Structure formats: structure tokens, C-alpha cells
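Q: I have just opened this one and would like to go through its ligand and its empty spaces. Could you walk me through it?

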Amino acid sequence: MAFAPLLALLFSLAVVRQSDAALTKRVACADGIHTVTNEACCVLFPIIDDIQTNLFDGGECGEEVHESLRLTFHDAIGFSPTKGGGGADGSIVIFSDIETAFHANNGIDEIVEAQRPFINAHNITAGDFIQLAGAVGVSNCPGAPQLDFLFGRPAATAPSPDLLVPEPFDTVTSILARFADAGFATPEVIALLASHTVAAADKVDVTIPGTPFDSTPEIFDTQIFIEVQLRGTLFPGTGGNQGEVESPLAGELRLQSDASLARDSRTACDWQSFADNQAKMQTEFKAAMLKLSTLGQDVSQMVDCSEVIPQPLAASLHGAHLPAGLNMNDIEQACATAPFPTLTADPGPVTSVAPVPPS
Ligand code: HEM
Ligand SMILES: *[C@@H]1O[C@H](CO)[C@@H](O)[C@H](O)[C@H]1NC(C)=O
């Protein structure tokens with residue numbers, strides 16, 4: 001065996017090992033403040049500072065964060081292997097005239113127009129901005145996982161076709177089929193619905209905008225998985241709205257889709273599994289969000305800039321609980337193989353839930 005090829009091989013192995021080491025070494029950004037493992041991520045810091053100050057009111061988990069999280073979904077789920085759509089590509093902003101007119105996107109125009117000046121002010125595609133804003137926004141919600149951010153979505157070239165975004169009046173069969181078409185397994189669908197823990201509706205009952213889906217819409221806790229399992233007794237506003245069913249608390253709105261997913265034999269045990277398991281919810285939501293945020297994208301062409309996403313605060317020690325005045329008899333057990341976790345109620349009488357203030 002000749003020596004030269006062997007030496008060349010050893011030399012190239014050494015080079016590879018050296019560049020591996022270089023990749024994990026931190027480099028200083030030109031701002032003199034931040035260090036990153038990949039210099040390409042440096043450009044994101046001024047964008048993050050801008051949106052925290054000027055879009056999220058100084059780092060709140062308020063209305064714009066909730067809307068920005070919803071927008072990550074409505075842009076990305078516009079993806080189907082058979083029907084078209086570019087997924088998480090920013091088409092909902094670039095082709096907003098078309099996509100915001102879809103019935104399922106009712107109200108999304110508000111955050112599209114709130115984000116547009118930030119997209120125009122920075123050198124970033126709409127697809128990247130939407131997912132960056134979602135991940136940064138969620139980091140403002142105590143209890144949330146630190147979401148991933150992959151950087152490098154090309155500009156959208158076409159609008160998404162209509163009828164790819166699920167509606168709250170869709171059946172469980174249709175919801176699961178739509179998500180499966182986009183590549184999601186049933187447990188991932190339920191994990192994604194952890195998002196409704198930091199959420200409110202403006203358009204389901206237009207007489208009561210800002211009505212939250214759980215009692216703690218500014219905390220990324222498991223209350224959504226608990227409160228949706230409680231027996232519905234009232235409508236917070238008017239009755240008879242499409243996609244709404246009775247909720248257990250004044251001031252709280254329940255989507256028909258959430259209620260059905262919590263009770264269907266295909267999804268009830270997954271739903272229940274999150275009710276008192278913050279860590280499981282965080283892990284599975286984070287993984288499903290990474291998948292959602294890269295739908296339709298070539299991940300091999302993207303840079304992992306997850307380290308720029310702030311680490312969220314922990315949720316308070318309060319933990320999983322029943323709302324005051326309710327007890328375990330108000331839980332509608334739906335999972336056939338395991339009992340709903342035993343929870344205690346907050347002290348005091350039943351209180352109503354406050355709306356999410358507009359900002
Ligand atoms: C079965 C699937 C889903 C259905 C049917 C659904 C439906 C809805 C509806 C009807 C609203 C209220 C909109 C309004 O009236 O203002 C809403 C809000 C919201 N949704 Fe979903 N959703 C689904 C899945 C998701 C997913 C996967 C995410 C994110 C990962 C998400 C995030 C949100 C957020 C954050 C809000 C609150 C927006 C705000 O407070 O302004 N949803 N959803
Ligand atoms: C804008 O971003 C692209 C892709 O990240 C980069 O290649 C280009 O150099 C940037 N342009 C400016 C003016 O910073």
C-alpha cells in the first residue's frame with residue numbers, strides 16, 4: 001500500500017476534525033455584545049430587539065404574541081403534497097390579498113399588517129420573520145419551551161390554496177386527515193394544540209373579542225388541557241356561533257374542535273396526558289413546532305439559529321389545578337385506559353375569566 005494516499009486520508013480526517021471544532025467555537029458578533037456558534041445568526045439580534053420592543057410591547061405574552069403564534073400555523077399549514085402550497089414560506093404575507101380572504105384566516109390580517117413593517121425594515125424573508133416572531137413571542141410566555149429557529153427560508157413564490165387551514169367546526173376525522181396530509185401524526189396534532197394555552201378568539205363570537213381559551217392566557221401552562229375537559233355549562237357571550245361549544249367558566253370560550261379532540265377515542269388519551277405534565281407538553285410542543293416551522297422547506301439549506309431565541313421563564317409553582325369552585329366531578333373522563341389526573345381546585349368561589357386586553 002502506498003503511503004501518500006494513506007497520509008492524505010489521515011490529513012483530510014484531521015482537517016474535518018478541525019473544522020468540526022471550529023463550528024462549535026463561539027464567534028463574536030460585530031455588535032460587540034453577542035456571541036454565536038454560527039456567525040450567520042448575528043443578523044437576527046437587531047430584529048429580535050426591534051420586535052420585542054415595538055411589536056411585543058417590551059416582552060409581553062399578550063395579544064400580538066398570541067396572534068404571531070397563530071400566524072406561524074396559518075402560514076405553515078398551507079402545505080399539501082397533492083394540493084400545493086409552500087408551507088412555512090411567508091406566502092400569507094406576500095400573497096395576503098389572497099390568503100387573508102380565506103374563511104379560516106378570518107382576523108389574521110391584523111397581525112399580517114402589524115408584522116409587515118418589521119419585515120420591510122429588516123433584511124429577512126417573510127417566511128423566516130413569521131417563524132422568528134413566533135419563537136421569540138412564545139419565549140415571553142412563562143412555562144413555554146425555548147422553541148427552535150432555523151434560518152434561511154427563500155421568498156414565497158405562490159399563494160397557498162384555500163381549504164388547507166383547519167376550522168373549529170371541522171370533525172376530528174377531517175382535522176386528523178388534514179394534519180396527516182401535511183405530515184403530522186395524531187399525537188403531534190394534540191401537542192400543537194398546547195398553543196391554545198396562550199390564546200383568545202376575536203372572531204368566533206364577535207360580541208366578546210379577546211375571550212381566552214383557558215383561565216391563564218399569558219402563561220404557557222397545561223390549563224388548556226384541563227379546562228377543555230370540564231363539563232361545558234355556558235356560552236361566554238352569545239350562543240349559536242359556528243365552531244363554538246359551551247365552556248365551564250364565564251369569560252372563557254371553548255372551540256368545538258378542542259372539545260371534540262379532548263373527547264374522541266383517537267385523541268382523548270393524548271389530550272389527557274398533557275393535563276398535569278408540563279415537561280411532556282414542552283418537549284412535544286417544541287418538537288412539533290420545529291416540524292411545523294419547516295414545512296415545505298429544505299432543512300439542509302438552513303442554519304440552526306435556535307440559540308438566539310430567549311430562554312422563557314418557568315411557569316409559577318402554582319401548577320396544574322381546577323378553577324376555583326369546580327371539582328373532579330366536573331371533569332368529563334374520555335380516555336378509556338387511564339383516569340384523568342386528580343387535581344385540586346383553587347380556593348374560593350367560581351370566578352370569571354378576564355379578557356386578553358387589546359394592545
Ligand atoms: C385543529 C386545529 C386548529 C383549529 C381548528 C384552530 C382554530 C382556532 C380558532 C377558531 C381561533 C380563534 C381565532 C379568532 O377568532 O380570533 C384560534 C386561535 C388561536 N390559535 Fe388555533 N386552531 C388550531 C390549531 C392551532 C395550532 C396548531 C396553533 C399553533 C401552533 C394555533 C394557535 C392559535 C393561537 C395562538 C390562537 C390565539 C390567537 C389570538 O389570541 O389572537 N392553533 N385557533
Ligand atoms: C441580506 O440577507 C441575505 C441572506 O441572508 C444575505 O446574503 C445578504 O448579504 C444580505 N444583504 C444585506 C444588504 O445585508
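**The ligand and the spaces around it**

A: Let us begin at the ligand: a backbone N or O atom of Ala200 lies 2.9 Å from an oxygen atom of ligand 1. Please keep in mind throughout that this is a predicted model.

Q: Okay, and how far from an oxygen atom of ligand 1 are the backbone atoms of Lys203 and Val204?
A: For Lys203, a backbone N or O atom is 2.8 Å from an oxygen atom of ligand 1, while for Val204 the corresponding distance from a backbone N or O atom to a ligand oxygen is 3.4 Å.

Q: Which elements give two or more residues to the shell around ligand 1?
A: Those elements are H3, helix H8 (172-181) and S4, and H3 provides the largest share of the shell, with 5 residues.

Q: How many residues surround the ligand, and which are the closest?
A: Ligand 1 is surrounded by 25 residues, and the closest of them are Ser195, His196, Ala200, Asp202 and Lys203. Sorted by class, this shell consists of 16 nonpolar, 4 polar and 5 charged residues.

Q: What about the iron atom, which protein donor does it have?
A: The only protein donor of the iron atom of ligand 1 is His196, through its NE2 atom, at 2.2 Å.

Q: And where is His196 in the fold?
A: His196 belongs to the loop that runs between helix H9 (186-192) and strand S4 (200-201).

Q: Switching to the empty spaces: where does ligand 1 sit?
A: Ligand 1 sits in the largest pocket, which holds about 1,000 Å³ of space.

Q: How many residues line that pocket, and which lie nearest its centre?
A: The lining of the largest pocket is made of 44 residues, with Arg70, His74, His196, Phe213 and Leu255 lying nearest the centre. Two or more lining residues come from each of H3, helix H6 (109-121), H8, H9, S4, helix H11 (256-263) and H13, and H3 gives the most, with 8 residues.

Q: How does that lining divide by class?
A: The lining of the largest pocket divides into 25 nonpolar, 11 polar and 8 charged residues.

Q: Now cavities, how many of 30 Å³ or more are there?
A: The structure holds 2 cavities of 30 Å³ or more. About 100 Å³ of space lies in the largest cavity, whereas the second largest cavity has a volume of about 40 Å³.

Q: Let's take the largest cavity, what lines it?
A: Its lining has 14 residues, and Gln131, Ala135, Leu147, Asp148 and Ser293 are the ones nearest the centre of the largest cavity. Helix H3 (63-76), helix H7 (126-138) and helix H13 (278-293) each supply at least two residues of this lining, with the largest share, 4 residues, coming from H13. By class, the lining of the largest cavity has 7 nonpolar, 4 polar and 3 charged residues.

Q: And the second largest cavity, which residues line that?
A: The second largest cavity is lined by Phe213, Ile224, Glu227, Val228, Glu252, Leu253, Arg254, Leu255 and Asp258. Helix H10 (223-227) and strand S7 (254-255) are the elements that give two or more residues to this lining.

Q: How many of those are nonpolar, polar or charged?
A: In the lining of the second largest cavity, 5 residues are nonpolar, no residues are polar and 4 are charged.

Key
Residues are numbered from 1 along each chain as its sequence is written. Chains are lettered from A and ligands numbered from 1 in the order in which they are written. This is a predicted model: local features need pLDDT of at least 70, side-chain atom pairs count only at pLDDT 80 or more; totals for chains, interfaces and linings use all residues. Side-chain values use heavy atoms; hydrogens and water are left out. On a 1 Å grid over the protein atoms alone, a cavity is a set of points where a 1.4 Å probe fits but cannot get out, and a pocket is an open set with protein on both sides within 12 Å along at least five of seven lines; lining residues have an atom within 4 Å of a point. Grid points are joined across faces, edges and corners, and a volume is the space filled by probe spheres set on the points. Ala, Val, Leu, Ile, Met, Phe, Trp, Tyr, Cys and Pro count as nonpolar, Asp, Glu, Lys and Arg as charged, and the others, Gly among them, as polar. Donors are N, O and S atoms within 2.8 Å of the metal (3.2 Å for Na, K and Ca); water is not among the atoms, so sites may look incomplete. A residue is near a molecule or strand if one of its heavy atoms lies within 4 Å of it. A polar contact is a pair of N or O atoms within 3.5 Å; within protein, one must be able to donate a hydrogen and the other to accept it, and residues adjacent in sequence count only if both atoms are side-chain atoms. A molecule sits in a cavity or pocket if more than half of its atoms lie within 2 Å of its grid points.
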